[in-house]
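Grab the model and a viewer, and let's work through a few exercises together. Each one sets a task and then walks through a solution.

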Amino acid sequence: MTAYALRRLLALVPTWLGISLFAFALSTLSPGDPAELILGRQLDDPPTPQQIEAFREEVGLDDPFIVQYGRFVAGAARGDLGTSFRSGEPVFAELASRFPATLAIAVPAFVVAFALALLVGVISAVRRNSLIDHASRIAALLGDSVPSFVLAYMLIIVFAVNLGMLPVAGRGGPEHFVLPVLTLALATTATLMRLTRSSLLEVLGEDYVRTARAMGLKERTVVLRFALKNALVAVVTVAGLLFAGFVTGTVIVETVFAWPGIGRFVVDSIFDRDYAVIRGFVVFTGTVFVLVNLAVDLLYVRLDPRVRLMSERSTGGR
Amino acid sequence: MGSVVHRRKRSIAVATFAVLALLASSCGGNGGNGSGGGGGSQKKVVPADKQELVVGATADPWVDSSPSDKKRIPNYPLNADVCETLVQLSPKYEVLPVVASKWEHVGGNTFRFTLDERAKFSDGRPVTADDVKYSLDYTVQKPETSGFAFLGLESTKVIDPRTVEVTPTKPNLRLVEQINHPTYAILAPGSDPFSDVKTTNCTGPFKVSEYVAGERLVVVRNDNYWGEPAKLDKITFRFFPDDTTRTLALQNGEVDLVTDIPRPVVGTLEKVPGIKIEKSTVGAVLLMYTALRDAQGNPRLLSDVRLRQAVAHAMDKEEFVNGVLGGNAEVVDTVAPPTVLGQYASMVKGLDHDPKAAARLLDEAGWKLGADGVRAKDGARLELSIVFDQTRTETSVVEFIQARLKDVGVVGKIERLDPGAYRNALDTGSYDLDLSLPNQNDANPAFLMSLRWFSKATGKNAKIISPGPDTEFERLIDQTQQATDKQELQRLAAQAMHQLVDVEAAGIPLSGMYRVLGVRDRVHGLEVHPSGTNQRWNDVFIAKE
């Protein structure tokens, strides 16, 4: 298992390099001369060719692409993602200062969504075509159809404005977390619930489940111990991607709930063509996705004996 | 110039939803004292024991505003009444004394300011001429604010402890009308609001208590204030980037006052018990700038004045104000608030809505109406690109312009741009019409014209939209910079604006906009300033409910 994990970790290096190359090329190949763009914001008059040339030399924009890329990768590996054109602050610091706020709603939202989806998905699959199954499927359909900003406003109107139980927006005590977490969670629960249900239904039709039932095992044991574990492989894959999406910023929820996270910052940077932030964010997002995928791969090994067997074979059983 | 009251883009769906949401929740029985909007009650208002105001402001302006805005916490673009300037701007656009009790033009380009001997900082120390020099030099030296600077390090000269002389770097006698801008706040030495807002030691009725980027700015009463003390103990400015959430926060009582209410929900909000709507006079004009040439100086379609005049004649301002803006604006003919021009505002007539006149002008220019309803000349269709910043201007506004252009056979091609692309379009001149909403934040009636259309202005876009260096407009703007009498200044500015709007049609005003605030009934004493950056809070108080 350790050897497998290490091998997977090493395999991530070229992936990460690919992401960084993409991010760097994205900003380098974007229309417009970065020197002119940056100077244009600093100066009131259009920069002269001499000013542009001097600036290019100063920040190394004249160097060959590979040299510039090498410098970028070396910096990124040290956590230096450049400087924001908008704020003049280091991109890493800008992202790092907002990341805890995003994480603070992403993690609980994911936990709520995953737990709820699992619970409802399993009940719905086990009691297929029952009232509860129909109700949960309709709820999931609604959950998938309602845009998250509509859901957010509905929750605010009901719980904050009409019932007065919760604050409308902003950060503060635990009560401030409820609505943004719920909005994020409910929007995701539907997807995960439907997937849990369909995966479990598929697994419940497998021969080994029938065998387990024929052996007289309790239905709860059959479902929870054997079937669900296998059904989770697909769910975990999607859940991993959703989690990575959560922690790299949720623009709508952050905007509606005045939550100072990473999502709104990045969107504003995109609007302002702050290529340094965009580039840094692509590397940051790529890194998160790569790490979450690694975690998902390792979970596969725990969940699916076939994957475990393959991993042991490929690493000689180490 | 900060553009503060622009609307964030909202889709029709969101706006509709917001209206429905407000309607739904207003029926929820959560509303205050049931006295209704308008604040017309005559009963005696008794101040409450707890004097704390919570303001729902837009997105944190020191984090989220455009990099071209020269941010300074805590006084620009959001003014928390912590710092004061030598002079201030009244809601009627008059210059009033604050830290300087009097001023005079002493010849040449120089003004002498005498400091009010009562003026002191929040730590109790009296304001001296050295402090004024520190403050103005601080602004000049900071790259974040140097874009404003018509001052240099040699501009401010200490004459004696209570007297300073200020000489702008270029011949321009509009110093007094413009030095009210919050960026010229008087700071005690050692104050460095760019690096650490808590170091800010100013002379205003409030002082900074806490700032959390992206979340809130808290100010408390300055007990050492040298003027009439503030009635409030504390103001918390909370930042809500989303218009609808901000409005809902007012409804559930989480905030006492919200700025920048989406115009579509004003009517609905007025009916909510416990909430009143308060408006300023016109402080900004929604207008179209016309690109006469590109950045290289090559003429564009609208270099032909007949086309510009035709565009102006095509616009039905009454329909725009009463239809698109729901009556929450005024028809104006000027490119700046009429108040700033005083009695001379009527010199600017505006080009009336007259599609026939538009058609005649286009015909004269050789653009003939084709069978498809679109005008063409030498095989080319008459197409004008309309650019706007999608985060600041609603698409419905631009669609109105497009529809009116179509009435006279002109195709309006809408380009919804993000702020970066928008800025780039303005810098390069790759557009025909630019829709924008500049605020009037000082008392110089010619400020906007000097900044935007004057060919000698430093901005890149001025070269693109200026009527040109050899025009009557330019000559008049030059004269406004040398006028020594207020009446003369207003007359010259009105004449220049007449040239700009009525003759050159290089600026096409659409509507005069005022600031609209939603306020809970218990909030009293608020006079909404037409310029948000000059808003004062010291007379506001909370009444017993």
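**Exercise 1. Find which residues of α11 in chain B are buried, and decide what that says about the helix.**

Keep in mind that we're working with a predicted model. Start by listing the residues of α11(B) that count as buried: B:P419, B:G420, B:A421, B:Y422, B:R423, B:A425 and B:L426. Next, set that against the length of the helix: 7 of the 10 residues in 419–428 are buried, so α11 of chain B is largely enclosed by the rest of the structure. Now check the two ends. At the start, a side-chain oxygen of B:D418 comes to within 2.9 Å of the backbone nitrogen of B:A421. Just past the helix, B:G429 has a positive phi of about 75°.

**Exercise 2. Work out what surrounds B:R72, and say how far away the nearest side chain of opposite charge is.**

First locate the residue: B:R72 sits in the loop between α2 (61–64) and β2 (87–89) of chain B. Then look for a charged partner. B:R72 is buried but has no salt bridge, and the nearest side chain of opposite charge, that of B:D192, is 7.8 Å away. A salt bridge needs the nitrogen and the carboxyl oxygen within 4 Å, so 7.8 Å doesn't qualify. Finally, try polar partners: the side chain of B:R72 makes a polar contact with the side chain of B:T139, at 3.0 Å.

**Exercise 3. Take three salt-bridge pairs in chain B and sort their members into buried, partly exposed or exposed.**

For the cut-offs, buried is under 20% relative accessible area, and exposed is over 50%.

- Step one: B:D131 and B:R125 form a salt bridge, with their closest N and O atoms 3.3 Å apart. B:D131 is at 2%, so it's buried, while B:R125 is at 34% and partly exposed.
- Step two: B:D304 pairs with B:R306 in a salt bridge of 3.1 Å, N to O. B:D304 has a relative accessible area of 19%, so it still counts as buried; B:R306, with 29%, is partly exposed.
- Step three: B:K456 and B:D478 form a salt bridge, their closest N and O atoms being 2.9 Å apart. This pair links distant parts of the chain, with B:K456 in the loop between α12 (447–452) and α13 (462–465) and B:D478 in helix α14 (residues 472–480), 22 residues apart. B:K456 is exposed at 53%, and B:D478 is partly exposed at 29%.

To zoom out, the whole structure has 45 salt bridges over all chains. There's also a network of them linking A:R171, B:E210, B:E215 and B:R216.

**Exercise 4. Count the cavities of 30 Å³ or more, then describe the largest cavity.**

The count comes to 6 cavities of 30 Å³ or more. The largest has a volume of about 160 Å³. Of its 17 lining residues, the closest to the centre are B:N79, B:C83, B:E84, B:T85 and B:N534. Now sort the lining by class: 6 residues are nonpolar, 8 are polar and 3 are charged.

**Exercise 5. Decide whether A:V168 is buried or exposed, then place it relative to A:V256.**

A:V168 belongs to the loop between α7 (148–162) and α8 (175–204) of chain A. Its relative accessibility is 0%, so A:V168 is buried. To finish, compare sequence and space: A:V168 and A:V256 are 88 residues apart along the chain, and their C-alpha atoms are separated by 9.2 Å.

Conventions: Residues numbered from 1 in each chain as written. Chains lettered and ligands numbered in written order. Predicted model: local features only at pLDDT ≥ 70, side-chain atom pairs only at ≥ 80, totals over all residues. Heavy atoms only, no water. Buried < 20%, exposed > 50% of the residue type's maximum accessible area, 1.4 Å probe, protein only. Helix = DSSP H or I, 4+ residues; strand = E, 2+ residues; numbered from the N terminus. Polar contact = N/O pair within 3.5 Å; in protein donor to acceptor, adjacent residues only side chain to side chain. 1 Å grid on protein atoms, 1.4 Å probe; cavity = no way out; pocket = protein on both sides within 12 Å on 5 of 7 lines; lining within 4 Å. Points joined across faces, edges and corners; volume = space filled by probe spheres on them. Nonpolar A, V, L, I, M, F, W, Y, C, P; charged D, E, K, R; others polar. Lys, Arg positive; Asp, Glu negative; His and termini not counted.
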